[in-house]
Amino acid sequence: MLFNSLEYLIFLSVVFLLFWGLVRLRLARVVLLFVASYLFYISWNPAYILLIAGSTLLDYLCGGLIDRTDDPRRRKLYLFFSVAGNLGLLGYFKYANFFWRSGRDLAGLLGLDVASLPASFDILLPAGISFYTFASMSYTLDIYRREIRACRDLLEYALYVAFFPQLVAGPIVRAREFLPQLETRPALSLERAGGALFLILKGMLKKVVIADYLAVNLVDRVYDNPSWYSSGEVAVAIFAYSLQIYYDFSAYTDIARGSALLFGFELPENFRRPYQSQNVAEFWQRWHMTLSRWIRDYLYISLGGSRGTRLATYRNLIVTWLLMGLWHGASWTFVAWGGFYALALSLNHLRRERAGGKRPGRVDGWRGAWRTALTLTIVTGAWIPFRSPTFGGMLDVLGRLVAGDPGFGQITPSLWVVFALGWAIQLSPARWVEGAQRQFVRLPAPVKGAVAAGIGAALLQLAEAMPVPFIYFQF
């Protein structure tokens with residue numbers, strides 16, 4: 001059930017009406033959201049609901065055991081069971097084929113006979129497994145660090161793990177952000193409802209008008225057959241992918257946050273104008289912010305962060321970012337993408353060291369514009385291995401990029417309009433969108449409804465015949 005489908009809007013509307021009909025009954029509304037969340041996931045693959053249930057039960061039990069003992073050895077043992085269980089699920093379903101193929105290819109290079117071995121196994125990647133395992137694992141890690149107490153109510157914890165707006169592609173919500181919101185009875189004001197509707201409509205517009213249009217009419221075509229396009233067209237497609245992945249993923253986040261807000265839940269912000277960053281480190285403070293914080297808090301700092309020697313700091317950065325790349329996908333191109341950022345962030349750290357440890361501040365004027373343009377170019381270049389299914393495909397795209405053919409004949413006027421619109425919105429001040437949201441919220445309810453109906457009708461005309469899946473569903 002895709003967010004950008006009529007089925008989801010019907011599902012959301014039904015759950016919304018039932019929820020507010022039961023809002024005075026705390027247990028009933030929690031049960032409703034839990035059942036709705038499991039039904040939402042079952043629509044993807046009924047069998048894999050057992051994985052969510054298993055991960056939920058494991059971490060609920062391990063979290064309670066950790067919380068109830070002060071014995072360091074037992075605490076570490078229970079934490080080990082939690083982490084091993086979650087990473088075991090993730091490793092099998094997401095990486096078993098990757099490591100098998102890599103080992104098989106290596107054995108072949110060493111001259112061993114691998115012809116009789118299967119090329120891969122029939123393993124279907126469960127939707128959202130990278131997200132809900134990280135969310136559930138953070139719960140036991142926080143209890144182990146004594147930052148939160150264990151949740152005593154299994155149903156509430158199960159709802160936290162499976163809450164349908166953020167289940168499949170985030171944002172990665174932590175238990176300490178979600179569970180306290182269950183303690184108070186929600187109240188839906190016209191202002192909150194207007195804000196929720198604005199987020200959902202904004203997300204739908206981002207997805208359909210910009211992300212899907214660029215994907216179907218340019219990006220996918222160029223990456224599938226780069227030899228059919230000129231260097232200029234390939235360059236436009238590469239920058240168009242920067243737009244596609246931002247508008248696609250931030251659209252999901254907007255719809256998730258808007259959907260959650262309809263039930264009284266505040267989900268954390270996940271994007272903050274990332275392409276306005278003036279260095280690579282700032283980019284990762286603005287892009288997929290909940291994942292960046294998760295990786296920093298539970299991986300980089302656990303490895304030692306920057307507290308050790310200079311060599312240890314760079315080692316921690318490299319290990320963190322190679323694993324960050326692998327988290328995004330079971331392919332060596334994703335590892336290469338992570339390795340690129342390991343190098344870029346190490347150089348950024350070295351530059352900061354030479355500046356006496358002071359973080360570089362933002363600058364205005366032409367100097368700031370130059371930094372933003374350079375960072376955008378670096379980030380866009382890094383998306384090439386991310387988007388390419390193989391190294392061969394990546395080299396084909398890069399080969400056409402430097403072929404010296406500057407023509408743009410296959411870039412239609414409508415593509416130029418959407419391309420320019422995407423960059424204009426992304427590089428505009430955030431206060432413009434915030435102002436538009438305030439104005440929308442202030443509109444009378446009938447006018448809001450008319451605007452929503454008009455946008456909905458336009459989206460039906462502009463949308464592809466079949467809803468285009470969100471990019472991060474594959475992670």
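**Buried charges and salt bridges in a predicted model**

Modeller: In this predicted model, Asp-59 is buried yet has no salt bridge, and the nearest side chain of opposite charge, that of Arg-68, is 13 Å away.

Biologist: How do you know that Asp-59 has no salt bridge?

Modeller: A salt bridge requires a side-chain nitrogen of Lys or Arg within 4 Å of a carboxyl oxygen of Asp or Glu, whereas for Asp-59 the nearest side chain of opposite charge is 13 Å away. What the side chain of Asp-59 does make is a polar contact with the side chain of Ser-82, at 2.5 Å. Asp-59 has its place in helix 3, and, leaving aside neighbours within four places in sequence, its contacts include Asn-86, Ser-136 and Tyr-157.

Biologist: What makes the pair of Asp-254 and Lys-206 a salt bridge?

Modeller: The closest N and O atoms of Asp-254 and Lys-206 are 2.8 Å apart, and the cut-off is 4 Å, so the pair counts as a salt bridge. The pair links distant parts of the chain, with Asp-254 in helix 10 and Lys-206 in helix 9, 48 residues apart.

Biologist: Why do Asp-254 and Lys-206 count as buried or exposed?

Modeller: Buried means under 20% relative accessible area; Asp-254 has 7% relative accessibility and therefore counts as buried, and Lys-206, at 11%, counts as buried as well.

Biologist: How is Arg-387 classed, buried or exposed, and what is its link with Asp-220?

Modeller: Arg-387 has 19% relative accessibility, and because the limit for buried is under 20%, Arg-387 counts as buried. Its side chain meets that of Asp-220 in a salt bridge, at 3.0 Å from N to O. Arg-387 lies in helix 15 and Asp-220 in helix 9, so the pair ties together parts that are 167 residues apart in sequence. Asp-220 has a relative accessible area of 28%, which lies between the limits of 20% and 50%, and therefore Asp-220 is partly exposed.

Biologist: Why is Arg-272 called partly exposed?

Modeller: Arg-272 has 44% relative accessibility, and because exposed means over 50% and buried under 20%, Arg-272 counts as partly exposed. Arg-272 lies in the loop between helix 10 and helix 11, and its side chain makes a polar contact with the side chain of Glu-269, at 2.9 Å.

Biologist: How do you know that the span of helix 18 agrees with what is expected?

Modeller: At 1.5 Å a residue, the 13 residues of helix 18 should span 18 Å, and the end C-alpha atoms are 19 Å apart, which agrees. Gly-435, Phe-440 and Val-441 are buried in helix 18, and the buried residues of this helix pack against helix 9 and helix 19.

Terms used
Residues are numbered from 1 along each chain as its sequence is written. This is a predicted model: local features need pLDDT of at least 70, side-chain atom pairs count only at pLDDT 80 or more; totals for chains, interfaces and linings use all residues. Side-chain values use heavy atoms; hydrogens and water are left out. Helices (H or I, at least four residues) and strands (E, at least two) are DSSP runs, numbered from the N terminus. Buried means under 20% relative accessible area, exposed over 50%, partly exposed in between (1.4 Å probe, protein chains only). Lys and Arg count as positive and Asp and Glu as negative; His and the chain ends are not counted. A polar contact is a pair of N or O atoms within 3.5 Å; within protein, one must be able to donate a hydrogen and the other to accept it, and residues adjacent in sequence count only if both atoms are side-chain atoms. Contact means heavy atoms within 4.5 Å. The expected span of a helix is 1.5 Å times one less than its number of residues.
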